[in-house]
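Got your viewer open? Let's take a walk through this one together, one selection at a time.

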Amino acid sequence: MEWEWKLIREACTGCGISADVCTVGAIRMTREMPYPEPVPLNCTFCLDCPDECPFDAIEIHEVRLAAFK
Ligand code: SF4
């Protein structure tokens, strides 16, 4: 199973809350960055960041992989 972490830029204010709530370093955000960036290899898809974002700016989706034929 694959998952996709997606930032909705139109909704994101760059507040940094998502980076603060992530306990495994899967969201990078510095003062110089306008938006948070995912660090996919660290993400455990715990769903804390979409739950805690007050602007609903993060979506996590299951991605269905196409079968090889
Ligand atoms: S889903 Fe969990 S582990 Fe992944 S970026 Fe969000 S808070 Fe971090």
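Which residues surround the ligand? Select V21, C22, V24, A26, I27, C43, T44, F45, C46, L47, D48 and C49, and you have the shell around the ligand on screen. Colour that shell by residue type and it splits into 10 nonpolar, one polar and one charged. Bear in mind as you look around that this is a predicted model.

**Zoom out**

Now show the whole protein as a cartoon. You should find two helices and four strands. Starting from the N terminus, they come in the order β-α-β-β-α-β. If you trace just the C-alpha atoms, the protein spans about 45 × 25 × 20 Å along its principal axes. The protein has 69 residues, and 14% of them count as buried. As for contacts in the protein with a separation of 6 or more, 55% come from residues 24 or more positions apart.

**Into the core**

Next, select C22, A26, I27, C49, C53, A57 and I58. These seven residues form the largest nonpolar core.

Stay with I27, which is part of that core and also one of the residues around the ligand. What does I27 touch beyond its neighbours within four places in sequence? Its contacts there are S18, A19, C22, P36, P38, V39 and C49.

**Along strand β3**

One of those contacts of I27 is P38, so click on P38 next. P38 sits in strand β3. Is P38 buried, exposed or partly exposed? P38 is partly exposed, because 19 other C-beta atoms lie within 10 Å, and a residue needs 20 or more to count as buried. Leaving out the neighbours within four places in sequence, P38 is in contact with W5, A26, I27 and C43. Try a distance too: from the C-alpha atom of P38 to that of S18, 20 residues apart along the chain, your viewer should give 9.9 Å.

Strand β3 covers residues 37-38, and E37 belongs to it. E37 counts as partly exposed because it has 14 C-beta neighbours inside 10 Å. Draw a line from E37 to L7: the two are 30 residues apart along the chain, with 8.4 Å between their C-alpha atoms.

**Two backbone oddities**

Time to check some phi angles. Most residues other than glycine have a negative phi. Select F45, though, and you get a positive phi of about 55°, although F45 is not a glycine. F45 lies in the loop between β3 and α2, and F45 is also among the residues surrounding the ligand. F45 counts as partly exposed because it has 15 C-beta neighbours inside 10 Å.

Where is D56? Look in the loop between α2 and β4. D56 isn't a glycine either, yet its phi is positive, at about 50°. With 10 C-beta neighbours inside 10 Å, D56 counts as exposed.

**Helix α2 and strand β4**

Now go to helix α2, residues 48-52, and pick E52, which is found in that helix. E52 has 13 other C-beta atoms within 10 Å, which means that E52 is partly exposed. Skipping the neighbours within four places in sequence, E52 is in contact with I17 and V21. You've met V21 already, as one of the residues around the ligand. For a longer line across the screen, join E52 to E2: they are 50 residues apart in sequence and 22 Å apart in space, C-alpha to C-alpha.

The last stop is strand β4, residues 58-63. Select E62, which is found in strand β4. Why does E62 count as exposed? Because E62 has 9 C-beta neighbours inside 10 Å, and a residue with 12 or fewer is exposed. To finish, join E62 to R31: C-alpha to C-alpha they are 30 Å apart in space, with their positions 31 residues apart in sequence.

Conventions:
Residues numbered from 1 in each chain as written. Predicted model: local features only at pLDDT ≥ 70, side-chain atom pairs only at ≥ 80, totals over all residues. Contact = placed C-beta atoms within 7 Å. Near = placed C-beta within 6 Å. Nonpolar A, V, L, I, M, F, W, Y, C, P; charged D, E, K, R; others polar. Core = buried A, V, L, I, M, F, W, Y, C linked by C-beta atoms within 7 Å.
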